[in-house]
Amino acid sequence: IRPHPRASQEAVGTVLLGCLPISADSVSSWAEVAFSASPLILPVVKMDLERKVFGQHLAVQLVLRALNANIYSKRPKKPLVMSFHGWTGTGKTFLSSIIAENLYQPGAPRRSFVHHFNTLLHFPHASRVHLYKEQLQNWIRGNVSACPRSLFIFSEMDQMPHGLIDSITPFLGYHEEIDGVYYGKAIFIFLNNAGGDKITEIALDYWRRTKRREDIPGKELQQLLSEEIFRNTNSGFFQSQLIQKNLIDYFIPFLPLECKHVKECVREELRAQGHPEDEDLITEIASAMTDYPSEEGIYSSKGCKTVASRVTLSI
Ligand SMILES: Nc1ncnc2c1ncn2[C@@H]1O[C@H](COP(=O)(O)OP(=O)(O)OP(=O)(O)O)[C@@H](O)[C@H]1O
């Protein structure tokens, strides 16, 4: 990751990447305008999430609650920090992109406020952790100083070099300001496969006891997740201060997707590609994808991830 030349300590308070090329004050106020914290925003996000995201009632509920608490507060005491967990293809990236799309007013240049870090792309070498730490801090400090409502998304957390994520600990705490920068309106989302097996284990247990997945208690699941990723050497949060200091506000579980959810994804994909909703084809693709556990075939181990290509190949 190469921070924008202006996103550095000296430049805090000047113009930064992604913001309009005007003075810091106007950038800041522009960002405020672009961020539509009107009473309408959450109903719109809610509608979008409930309509487009299948099988993730817990994640949707928790995310809405979290956004509600931060967005409508005049001066949140700390930035909103959410960590999404679940198997591949269950909608973690999809849900964060829906948040990013809805958080800012239409027409606002989203890249000005939404910053996506992909571990494999931006932090590929464990030996360069020191360099990454400094760059990451500069990037966040610089962008939040210009756009307080910045959204930072970190994907592939499982691949994150140990210790790197702790470099942003100071920004995530309860501080009025740090060196003149206020972080309370920023939003951080971490995307992680770690914890996915635990979530599936619990979901499967409910299924086997013929209990509804809707009855899985979110609170307990969140607690289990925080313990699991702290212990897991591959979670990106292994022995992380972010967890020790309770700076992650919400651990959001993404449940494994069942055949009926995959069917919805296939249906959606057919529509998006402009094809008729062929029920036989929908069932065929979804059934072929629900492969876990091998004896029962209840969940799709790839979620909806390969749906688009399967639809393309089947047409
Ligand atoms: N729960 C879901 N509801 C609707 N569509 C979904 C859902 N999960 C996945 N999809 C579809 O599958 C695609 C891939 O999912 P997505 O990239 O969000 O998975 P992910 O959980 O981020 O996976 P990974 O952990 O591998 O990054 C999405 O773009 C979306 O089209």
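**View 1. A five-stranded open sheet with parallel pairing.**
In this predicted model, five strands line up in the order 2-3-4-1-5 to make an open sheet. At the edges sit strand 2 (114–118) and strand 5 (250–254), and each of these pairs on one side only. On average, neighbouring strands of this sheet are turned by 15° against each other, ignoring direction. Helix 9 (residues 218–231) packs on the sheet, where helix 9 touches strand 1, strand 4 and strand 5. The direction of helix 9 makes about 100° with that of strand 5. For the wider setting, the chain has 13 helices and seven strands.

**View 2. Strand 4 and its partners on either hand, strand 1 and strand 3.**
Zoom in on strand 4 (residues 187–192). Strand 1 (residues 80–86) runs parallel to strand 4, and six bridges join the two. If you want landmarks, look for Phe84, whose bridge partner in strand 4 is Leu191, and for His85, which has Asn192 as its bridge partner there. Strand 3 (residues 151–155) also runs parallel to strand 4, with four bridges between them. Here the pair to find is Ile153 and, opposite it in strand 4, Ile189. As a reminder, strands of a sheet pair through backbone hydrogen bonds, either parallel or antiparallel.

**View 3. Strand 4, covered on both faces.**
Is strand 4 mostly covered or mostly exposed? Mostly covered: six of its six residues are buried. In a regular strand the side chains alternate between the two faces of the sheet. You can follow the two sides of strand 4 residue by residue: Ile187, Ile189 and Leu191 are on one, and Phe188, Phe190 and Asn192 are on the other, all of them buried. For the chain as a whole, 41% of the 315 residues count as buried. Contacts across the chain can be put in numbers too: among those between residues at least 6 apart in sequence, 79% join residues at least 24 apart.

**View 4. Helix 2 packed against helix 4.**
Now for a pair of helices: helix 2 (residues 41–52) and helix 4 (residues 92–103) have axes 10 Å apart and pack at an angle of about 150°. That angle is why helix 2 counts as roughly antiparallel to helix 4. Their crossing is right-handed. Which residues make the contact? Helix 2 brings Ile41, Val44, Val45, Asp48, Leu49 and Lys52, while helix 4 brings Leu95, Ile98, Ile99 and Asn102. Sorted by character, the residues of this contact come out as seven nonpolar, one polar and two charged.

**View 5. Helix 11 crossing helix 12.**
Further along the chain, helix 11 (residues 259–272) and helix 12 (residues 279–289) cross at roughly 130°, and their axes come within 9 Å. With that angle, helix 11 is oblique to helix 12. In which hand does helix 11 pass helix 12? The crossing is right-handed. From helix 11, the contact takes in Cys259, Val262, Lys263, Val266 and Arg267. On the helix 12 side, look for Ile282, Thr283, Ile285, Ala286, Ser287 and Met289. The mix in this contact of helix 11 with helix 12 is seven nonpolar, two polar and two charged residues.

Notes: Residues numbered from 1 in each chain as written. Predicted model: local features only at pLDDT ≥ 70, side-chain atom pairs only at ≥ 80, totals over all residues. Axes fitted to C-alpha atoms, helices over the stretch in contact; angles between N-to-C directions. Parallel < 35°, antiparallel > 145°, perpendicular 65-115°, else oblique. Left-handed = near helix turned anticlockwise from the far one by under 90°. Contact = placed C-beta atoms within 7 Å. Nonpolar A, V, L, I, M, F, W, Y, C, P; charged D, E, K, R; others polar. Buried ≥ 20, exposed ≤ 12 C-beta atoms within 10 Å, placed from the backbone. Pairing = 2+ DSSP bridges.
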